[in-house]
Number of protein chains: 2
Amino acid sequence: MEVAPGETFIEEGETPEHFFNVTGGTVRLYKLLPDGRRQITGFARPGHFLGLAVGEANAFSAEALETVRVCRFSRSRLRAVLDDFPAFERRLLRSAANELVAAQEQMLLLGRKTARERVASFLLAQARPLRACDPPPGRFHLPMTRTDIADYLGLTIETVSRTMTRLRTEKLIALPSPAEVVVLDRGRLEALAGGFEEERI
Amino acid sequence: MEVAPGETFIEEGETPEHFFNVTGGTVRLYKLLPDGRRQITGFARPGHFLGLAVGEANAFSAEALETVRVCRFSRSRLRAVLDDFPAFERRLLRSAANELVAAQEQMLLLGRKTARERVASFLLAQARPLRACDPPPGRFHLPMTRTDIADYLGLTIETVSRTMTRLRTEKLIALPSPAEVVVLDRGRLEALAGGFEEERI
DNA sequence: CGTACGGTTGAGTCCAATCAAGCAGCGTGG
DNA sequence: CCACGCTGCTTGATTGGACTCAACCGTACG
């Protein structure tokens with residue numbers, strides 16, 4: 001099934017009806033406050049499962065960033081598959097455990113890291129290849145806007161922009177275009193992201 | 001198995017060897033940055049499973065707040081149990097899904113809520129009974145210190161203290177002692193926690 | 001060509017952090 | 001018993017990092 005860019009296919013608060021597996025493109029997952037403040041809780045890339053959420057209501061909304069491909073199951077179908085293939089259940093459990101680890105890392109970022117550290121962490125995470133065995137690419141494309149990045153990192157677009165500019169002037173990264181990033185000094189970027197004391201520049 | 005207050009029984013970065021089920025007391029789960037900044041990712045109460053984390057290293061540390069009772073399994077034992085009782089796997093999956101929902105809620109709190117909203121959300125979460133069917137108690141005990149609360153909410157102890165004091169002077173709560181909380185105006189507290197515009201006081 | 005959108009940059013403000021002091025409870029030991 | 005140190009909590013004064021408000025730029029597009 002294909003989802004057009006900008007289309008919301010899971011709505012926070014609605015009763016969950018389907019279970020999804022992302023097979024192509026990037027999805028943003030987010031929660032809203034009544035006055036419009038938004039927190040993006042993650043970006044789902046191919047391989048990601050969506051709609052595990054138990055209970056009466058979806059805990060988040062999901063919206064296609066680009067054209068997205070998903071496999072969609074009804075929840076009854078999911079139950080049937082789970083009953084027939086216990087291995088799939090194990091796979092889901094592994095996936096949920098990995099998501100939990102990522103969520104905890106993000107809580108550390110949101111609760112305790114500075115703007116610089118948040119942006120550095122984000123860029124390194126984006127530089128990570130899909131398959132762990134591949135080498136991390138030095139150059140990559142950001143499919144999301146500055147607004148998305150800000151809402152993911154708990155910052156404003158202005159702060160994200162300023163921070164990226166500063167990382168550029170300090171030669172840690174290069175920005176051939178706003179959406180293209182080149183990692184120039186992975187070591188210092190990792191030190192920053194990891195929260196090591198900042199040495200004098 | 002019993003764990004003494006202050007004792008760390010899961011260490012971030014170590015190879016996971018055991019799987020735990022909390023049966024009594026409260027546990028704090030946290031991550032550290034190299035310079036000592038701490039983010040508490042959650043408090044585990046009875047019923048909580050710990051050590052699902054797959055992979056080479058624990059994603060967080062776990063430390064007993066009070067005297068804690070846990071059931072401990074070796075990971076090989078866990079694997080055997082999972083193979084013999086698929087129902088247990090389903091239970092773990094449900095538990096992981098619930099934790100994910102809580103983690104996303106916490107990301108919203110850390111990324112987008114003000115100090116007042118964070119403290120209000122925290123107090124209401126603490127006021128929630130263990131069994132969903134029970135009525136929420138109006139008065140309850142906080143087993144953790146202000147430092148713990150601050151590190152959970154991404155604030156400082158001073159800000160937590162000031163915010164609690166202000167909620168008290170505004171008659172939303174009462175504090176018979178620093179660790180005892182009485183919810184006086186649940187409605188306004190919930191409006192605050194939910195992020196509704198603040199009306200003039 | 002005009003408009004809209006995403007991004008960058010500047011000036012000023014503010015909320016929470018930092019620095020600092022003081023208080024209360026509590027176990028210890030002279 | 002009480003002085004002492006320690007820990008946890010509160011409160012005050014000040015600072016600062018990120019937010020807000022605002023202007024501007026470049027590109028895409030009808």
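Helix α5 (157-169) of chain A and helix α5 (157-169) of chain B each supply at least two residues of the surface near DNA strand C. The model is predicted. Chains A and B also meet each other, burying about 4300 Å² between them.

**Surface near DNA strand C**
- The largest share comes from α5(A), with four residues.
- Fifteen residues surround the strand; A:Arg146, A:Arg162, A:Thr165, B:Ala115 and B:Thr159 come nearest.
- By class, this surface has seven polar, five charged and three nonpolar residues.
- Of the strand atoms within 4 Å of the protein, 60% belong to sugar or phosphate, and the rest to bases.

**Phosphate contacts**
- A:Thr165 places a polar side-chain atom 2.8 Å from a phosphate oxygen of DNA strand C.
- For B:Thr159, the distance from a polar side-chain atom to a phosphate oxygen of the strand is 2.4 Å.
- B:Thr156 has a side-chain N or O atom 3.1 Å from a phosphate oxygen of the strand.

**Interface of chains A and B**
- Chain A brings 46 residues to the contact and chain B brings 45.
- Of the area buried between the two chains, 64% lies on carbon and sulfur atoms.
- A:Leu93, A:Met107 and A:Arg112 lose the most area in chain A, together 18% of what that side buries.

**Polar links and the chain A side**
- Ten salt bridges cross the interface.
- One of them joins B:Arg37 to A:Glu117, with the closest N and O atoms 2.9 Å apart.
- Polar contacts link 20 residue pairs across the interface, both residues at pLDDT 80 or more.
- On the chain A side, α2(A) gives the most, with 20 residues.
- That side divides into 21 nonpolar, 15 charged and ten polar residues.

Methods: Residues numbered from 1 in each chain as written. Chains lettered and ligands numbered in written order. Predicted model: local features only at pLDDT ≥ 70, side-chain atom pairs only at ≥ 80, totals over all residues. Heavy atoms only, no water. Near = heavy atom within 4 Å. Polar contact = N/O pair within 3.5 Å; in protein donor to acceptor, adjacent residues only side chain to side chain. Nonpolar A, V, L, I, M, F, W, Y, C, P; charged D, E, K, R; others polar. Contact = heavy atoms within 4.5 Å. Buried area = accessible area lost by both parts, 1.4 Å probe. Salt bridge = Lys/Arg side-chain N within 4 Å of Asp/Glu carboxyl O.
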